[in-house]
Each structure stands twice: as C-alpha cells, then as structure tokens.
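Reader: I have just opened this structure and would like to understand the words used for it. Could you take me through them?

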Amino acid sequence: MDAAELRAIQAPLKERYKANPADAYITLKARGTLDDQAIACKVETGRLLAIAGLHPATGGTGIELCSGDMLLDALVACAGVTLKAVATALEIPVKSAAVSAEGDLDFRGTLGVAKDAPVGFAQIRLFFAVETDAPQDKLDQLLKLTERYCVVYQTIRSGPPVTVTLQRS
C-alpha cells in the first residue's frame with residue numbers, strides 16, 4: 001500500500017470521526033477462560049486460542065505463553081504497524097525494519113517474597129532497526145509520530161484508569 005492508497009482509505013474515516021466523534025469511540029474486548037487442569041488461562045485472540053500460564057521464574061513450565069511476554073508482543077505489533085503506517089503516510093522509504101521490546105521484572109514482587117519489590121515491569125525498552133536512505137530529520141519525525149500514535153505504547157506510558165470487578169456467575 002502506498003501513501004495515496006492509505007490516504008484514500010483513511011480520509012473518509014477521518015471525516016466521519018470529525019463529523020461524529022462518537023463513531024470513533026470503540027470498545028475492544030478480550031475474553032479468556034481458566035483452564036480446568038493447569039494454572040493457565042485460555043485467551044481467545046480472534047484468530048487462534050492462546051494459552052497463558054505462569055512464567056518459569058514463578059513456577060511455570062514454559063509451555064504456556066507468559067502474559068508479560070504477550071504484553072511486549074502487543075507493544076511490538078502495535079509499534080511496528082504504526083511505524084509502517086507513518087512511514088507510508090510520510091512517504092519515507094523503508095527497505096526493511098525490525099521491532100523488538102524488552103522489559104525488566106523482579107519476580108519477588110509477584111511471588112510476594114519482598115513487599116518492597118514492585119509487581120509489574122520496572123522498565124520497558126522499545127527498539128526499532130530501520131534500513132532506509134531517508135535523512136535523519138525524517139527518521140526523527142518517524143519515531144516521534146510512531147510514539148504519538150501507537151495505541152499500546154501510549155496506553156503503557158499513560159497508565160489509564162483500570163477497574164476490576166469480581167462477580168459470581
């Protein structure tokens with residue numbers, strides 16, 4: 001897809017959302033069920049079933065997916081798609097690109113071993129390796145706009161309110 005095709009696809013959406021902001025507000029959903037045999041949760045991804053379990057550092061087998069890894073996977077996927085869309089829109093030629101993320105966890109927190117150890121990532125790093133002939137100022141703009149428009153990055157960075165409920169079924 002080139003910049004003209006992307007603009008042609010997105011233009012009517014942008015106009016619709018400007019005219020009717022409520023149309024742009026969509027609730028995405030995820031669903032999972034607990035495994036009845038293992039300490040795992042079966043997550044319906046829309047394309048396949050992903051089974052998440054404990055990380056080996058917390059007693060898991062390593063057979064199931066780690067939810068922390070899945071969070072980093074979501075960040076890489078969103079950042080990669082966003083980078084490609086921004087590069088396309090700005091007509092920045094990208095010969096190839098790779099995206100990776102890594103995050104630091106102290107598993108003492110999630111295991112309740114040390115009350116002062118945080119539960120969750122202490123730091124996340126996102127990396128892009130881009131093969132292009134574009135000048136540095138274009139790459140700076142590409143990175144800035146990718147950060148600005150990447151949904152998962154902005155969600156992690158901003159930390160929106162999250163509510164949790166438990167009810168009997």
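**A guided look**

Author: Gladly! Let us begin with Thr-58, found in the loop between β3 (49–53) and β4 (65–66). Helices (H or I, at least four residues) and strands (E, at least two) are DSSP runs numbered from the N terminus. This is a predicted model, where local features need pLDDT of at least 70 and side-chain atom pairs count only at pLDDT 80 or more, while totals for chains, interfaces and linings use all residues. Residues are numbered from 1 along each chain as its sequence is written, and side-chain values use heavy atoms, with hydrogens and water left out.

Reader: Why is Thr-58 called buried?

Author: Buried means under 20% relative accessible area, exposed means over 50%, and partly exposed lies in between (1.4 Å probe, protein chains only). Thr-58 has 17% relative accessibility, so Thr-58 counts as buried.

Reader: What is Thr-58 in contact with, leaving aside its neighbours within four places in sequence?

Author: Thr-58 is in contact with Phe-107, Thr-110 and Leu-111. Contact here means heavy atoms within 4.5 Å.

Reader: What makes Glu-91 exposed?

Author: Its relative accessible area is 57%, so Glu-91 is exposed. Glu-91 lies in the loop between α2 (67–89) and β5 (96–105). Although Glu-91 is not a glycine, it has a positive phi of about 55 degrees.

Reader: Why are α2 and α5 called oblique to each other?

Author: Two packed helices are described by the angle between their axes and the distance between the axes. Axes are lines fitted to C-alpha atoms, for helices over the stretch in contact, and angles run from 0 to 180 degrees between N-to-C directions. The axes of α2 and helix α5 (residues 151–158) come within 7 Å and cross at roughly 130 degrees. Angles under 35 degrees count as roughly parallel, over 145 as roughly antiparallel, 65 to 115 as roughly perpendicular and the rest as oblique. The two helices, α2 and α5, are therefore oblique.

Reader: Which residues meet there, in α2 and in α5?

Author: On the α2 side they are Leu-71, Ala-74, Leu-75 and Cys-78, and on the α5 side Val-151, Val-152, Tyr-153 and Ile-156.

Reader: How do you know that Asp-23 and Arg-16 meet in a salt bridge?

Author: A salt bridge is a side-chain nitrogen of Lys or Arg within 4 Å of a carboxyl oxygen of Asp or Glu. For Asp-23 and Arg-16 the N to O value is 3.2 Å, so the pair fits the rule. By this rule the count comes to six salt bridges. Asp-23 is partly exposed at 32%, and Arg-16 is partly exposed at 41%.

Reader: What makes Lys-95 and Asp-133 a pair that ties parts together?

Author: Lys-95 forms a salt bridge with Asp-133, their closest N and O atoms being 3.0 Å apart. Lys-95 lies in the loop between α2 and β5 and Asp-133 in the loop between β6 (121–131) and α4, so the pair ties together parts that are 38 residues apart in sequence. Both Lys-95 and Asp-133 are exposed.

Reader: How do you know that Arg-108 and Asp-106 meet in a salt bridge?

Author: Their N to O value is 2.6 Å, so the pair meets the 4 Å rule. Arg-108, at 40%, is partly exposed, and Asp-106, at 26%, counts as partly exposed too. Salt bridges that share partners also join Glu-102, Asp-104 and Arg-125 into one network.
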